[in-house]
Amino acid sequence: MHPRIHARTKPEAPALIMAGSGETVTFGELELRANRGAHALRALGVGIGDAVCMVCDNRPDFFDIFWATQRAGIILVPTSTRLKADELAYIVNDSGAKVLLIADTLAAVAGQLSAMRSEMPGLAQIQSIGQISGLPGWREFCASQPSGPIADEANGTRMSYSSGTTGRPKGIRNSYPTEGSDPVQPQPGVYLFGRLYPFGEDMIYLSPAPLYHASPMGFTTTTQGYGGTAVVMEKFY
């Protein structure tokens, strides 16, 4: 119940299809991209138990980063693309994120965050998902990394933030990464989803919602874990 298993048994099967563009990522491709992402994060100084903040719209990079952090023992902080720069800076500081990955559709916000670096002392680097002038590119950095697993794999986790209706947003973290754990071993949440819903290798799951929300993120990645195909809409009407 992990994409790596399906990358070995059916590498050409689609792990992801973007509903609008038709762009497809196979399990074999997802495995290589996630491994390169894990190496990239280690090269940026992100270790087991550290946090990475991701501000990303619905695109394949979301899954590259999700599965990279999952196998590197990293706390992924998926953040709403609708937040303002000061709101994102608060989450970066509160989560202790060492790296911020932000999509090129948010270039103006990225520029504001770059100008606010002194207010985020724990942040080592901001990288762009896509092309943003003045920022190093995440994809380009990953392309130079090895495609095999990192040496110190561990099971990562996620920390989503509440909407902040009663004050500042609160981070809700799943189980903490454990050094030396096996990220390929099925997690309790995967078993729970599998019992409640008919997940399986022949499953096709359509996601008409932003991936940074817990449910779309959980259902799409669990679908990939079971060997099914996640079909993700770029926009919602």
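**Exercise 1. Is Arg59 buried or exposed, and what does its side chain pair with?**

Solution. Start with accessibility: Arg59 has a relative accessibility of 11%, so Arg59 counts as buried. The cut-off behind this step is that buried means under 20% relative accessible area. The model is a predicted one, and the values here are computed from it.

Next, look for a partner. Arg59 forms a salt bridge with Asp104, with the closest N and O atoms 2.8 Å apart. Asp104 itself is partly exposed, at 29% relative accessibility.

Last, place the two residues. Arg59 belongs to the loop between β3 and α3, and Asp104 to the loop between β5 and α5 (107-115), so the salt bridge ties together parts that are 45 residues apart in sequence.

**Exercise 2. Find the helices that are tied together by the salt bridge of Asp61 and Arg139.**

Solution. First, the distance: the closest N and O atoms of Asp61 and Arg139 are 2.9 Å apart, and the pair forms a salt bridge. Then the locations: because Asp61 is in helix α3 and Arg139 in helix α6, the pair ties together parts 78 residues apart in sequence.

Now compare the accessibility of each residue. Asp61 has a relative accessible area of 6% and is buried. Arg139 has 39% and is partly exposed.

**Exercise 3. How many residues of α3 are buried, and which are they?**

Solution. The count is 11 of the 11 residues, so α3 is largely enclosed by the rest of the structure. The list runs Pro60, Asp61, Phe62, Phe63, Asp64, Ile65, Phe66, Trp67, Ala68, Thr69 and Gln70.

**Exercise 4. Describe the salt bridge between Arg4 and Glu31, and place it among the others.**

Solution. Begin with the total: the structure holds 10 salt bridges. In one of them, Arg4 and Glu31 bring their closest N and O atoms to 2.7 Å. Arg4 is in helix α1 (residues 3-9) and Glu31 in helix α2, so this pair ties together parts that are 27 residues apart in sequence. Both residues are buried.

Then widen the view. Arg4 and Glu31 are linked with Arg71 and Glu153 in a network of salt bridges.

**Exercise 5. Which residues have the most contacts inside the largest nonpolar core, and which elements give two or more residues to this core?**

Solution. The largest nonpolar core has 36 residues, and Phe63 and Trp138 have the most contacts inside it. The elements that contribute two or more residues are β1 (14-18), α2 (27-43), β3 (51-55), α3 (60-70), β5 (97-103), α6 (138-143) and β10 (229-232). Apart from this core lies another, of 25 residues, which includes Leu88, Ala89, Ile91 and Ile102.

Now take Trp138 alone. Leaving out residues up to four places away in sequence, Trp138 touches Gly37, Ala40, Leu41, Leu44, Ile65, Leu101, Gln127 and Ser128.

A general point belongs here: in soluble globular proteins, nonpolar side chains tend to be buried together.

**Exercise 6. Which residues form one aromatic cluster with Tyr197, and how are the rings of its pairs arranged?**

Solution. The cluster consists of Tyr197, Phe199, Tyr205, Phe219 and Tyr226. The structure holds seven aromatic pairs. Tyr197 and Phe199 make an edge-to-face pair, 6.4 Å centre to centre with 90° between the planes. Tyr197 is partly exposed, at 39% relative accessible area, while Phe199 is buried, at 11%.

For Tyr205 and Phe219, the ring centres are 5.5 Å apart and the planes stand at 15°, so this pair is stacked. Tyr205 sits in strand β9 (residues 204-207) and Phe219 in helix α8 (residues 214-225), so the pair ties together parts that are 14 residues apart in sequence. Phe219 is buried, with a relative accessible area of 17%.

Another ring has a charged residue beside it in this exercise: Arg168 lies over the face of Tyr90, at 4.4 Å from the ring centre.

**Exercise 7. Which backbone oxygens does the side chain of Ser95 reach?**

Solution. First locate the residue: Ser95 is in helix α4 (residues 85-95). Ser95 is buried, with a relative accessible area of 12%.

Next, read the polar contacts. A polar atom of the Ser95 side chain lies 2.8 Å from the backbone oxygen of Ile91. The side chain also reaches the backbone oxygen of Val92, at 3.3 Å.

Finally, list the neighbours. Not counting residues up to four places away in sequence, Ser95 touches Ala51, Val77, Met159 and Tyr161.

Key. Residues are numbered from 1 along each chain as its sequence is written. This is a predicted model: local features need pLDDT of at least 70, side-chain atom pairs count only at pLDDT 80 or more; totals for chains, interfaces and linings use all residues. Side-chain values use heavy atoms; hydrogens and water are left out. A nonpolar core is a set of buried Ala, Val, Leu, Ile, Met, Phe, Trp, Tyr and Cys residues joined through side-chain atoms within 4.5 Å. Buried means under 20% relative accessible area, exposed over 50%, partly exposed in between (1.4 Å probe, protein chains only). Helices (H or I, at least four residues) and strands (E, at least two) are DSSP runs, numbered from the N terminus. Contact means heavy atoms within 4.5 Å. Rings of Phe, Tyr and Trp (its six-membered ring) pair if their centres lie within 6.5 Å; planes under 30 degrees apart count as stacked, over 60 as edge-to-face and the rest as tilted. A charge sits over a ring if NZ of Lys or CZ of Arg is within 6 Å of the ring centre and within 35 degrees of the ring normal. A salt bridge is a side-chain nitrogen of Lys or Arg within 4 Å of a carboxyl oxygen of Asp or Glu. A polar contact is a pair of N or O atoms within 3.5 Å; within protein, one must be able to donate a hydrogen and the other to accept it, and residues adjacent in sequence count only if both atoms are side-chain atoms.
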